[in-house]
Amino acid sequence: MKLGLLVPSIMSNSLTGFYNLQEMGLIRAFDKLGVEAIAYRLVDEKKEFEELKIPGTKSAVEYFLPSMRIGTNGMVDLKLIDKSIDALICFTDTQLDVPRIFKWARLNNIPFYSYVGVVESHSDKRLKRFFMNIISNRNTKVHKASVCFVKTPYVGELLKNKGVRHIVEAPVGLDEETLKKDYASYDRDELRSRYGYEKSDKIILFVGRLEEEKRPLDMMRIFKRLLQKDPDFRLLMVGKGSLENEVIKEAESLKDKIKLIDALPNSEMWILYRLSDVFVNLNKGEIFGMS
């Protein structure tokens, strides 16, 4: 059996090894079952087509497809999808290109399965939320015509209320191969000193895109209130996004208390979790906190 997994959101690069690439966990699981699996990921149209063998698997491969971009949506060149696959699992959510991909699968007699983690927009911007929900309603028509895998019971209920009938709960695939297994054997104080922290510091870790739904500015405000109660608190923020300049401005008056890191190799992320006291996630609509 040959199975394709397509992620219509566009990637800014073709790097592998990210713990939150959900398709990698699924690909590895299918490979262990003896299924020939292909992961299709979209990259900017200016980049080259890439084919990579997924390390640690028997036959799984990853294709990076140059695609047109509309925001975070990629418009896939369907000629690059292997027509000999026996089924296609598409990460649909609120992606713009889903109906076209579904139509292509139908025309080529390829069974299409939706994999859904988000049904509605969680943006604080009314206009963005309006357009994202229009896209979501378009995709609901596809969900009604296919078997629909959902990442959480909550999403399943939302789709059921929209008239989707063929629903199967299938939690997110996590690529455990990228996780640090022996992190507890590393000296916490030594790791802290590596990042300039003292043993007495109380470190709060925030990891996420600096976008409205992740609420990084709320994190800054909460942190300032905590400092009033205890000056030993420190905030370590990892991420970048449209609110980056605002976050930097908020942090200017507390430079010795806040450390901002725009990006860090995933192979080193475990260090930050190991040296921190608390991890904070403020996203009200988080479907599955990979961080």
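These are my notebook entries on two nonpolar cores and helix α3 in a predicted model.

Entry 1, ground rules. I number residues from 1 along each chain as its sequence is written, and side-chain values use heavy atoms, without hydrogens or water. Local features need pLDDT of at least 70 and side-chain atom pairs 80 or more, while totals for chains, interfaces and linings use all residues.

Entry 2, the largest core. I looked up the largest nonpolar core (buried Ala, Val, Leu, Ile, Met, Phe, Trp, Tyr and Cys residues joined through side-chain atoms within 4.5 Å; buried is under 20% relative accessible area, exposed over 50%, partly exposed in between, with a 1.4 Å probe and protein chains only). It has 22 residues, and Tyr40, Ile81, Leu88, Ile101 and Phe112 touch the most other members. Among the elements that each supply at least two residues are β1 (2–11) and β2 (36–44); helices (H or I, at least four residues) and strands (E, at least two) are DSSP runs numbered from the N terminus. Helix α2 gives the most, five residues.

Entry 3, Ile101. Leaving out residues up to four places away in sequence, I list Leu6, Pro8, Val76, Leu78, Leu88, Cys90 and Phe112 as touching Ile101 (contact is heavy atoms within 4.5 Å).

Entry 4, helix α3. Phe131 sits in α3, residues 126–144, and is partly exposed at 45% relative accessible area. The helix has 19 residues and reaches 27 Å from first C-alpha to last, close to the 27 Å expected at 1.5 Å a residue (1.5 Å times one less than the number of residues). I find Ile135, Ser136, Asn139, Thr140, Val142 and His143 buried in α3. Their cover includes α2, β7 (112–116), β8 (147–150) and α4 (153–161).
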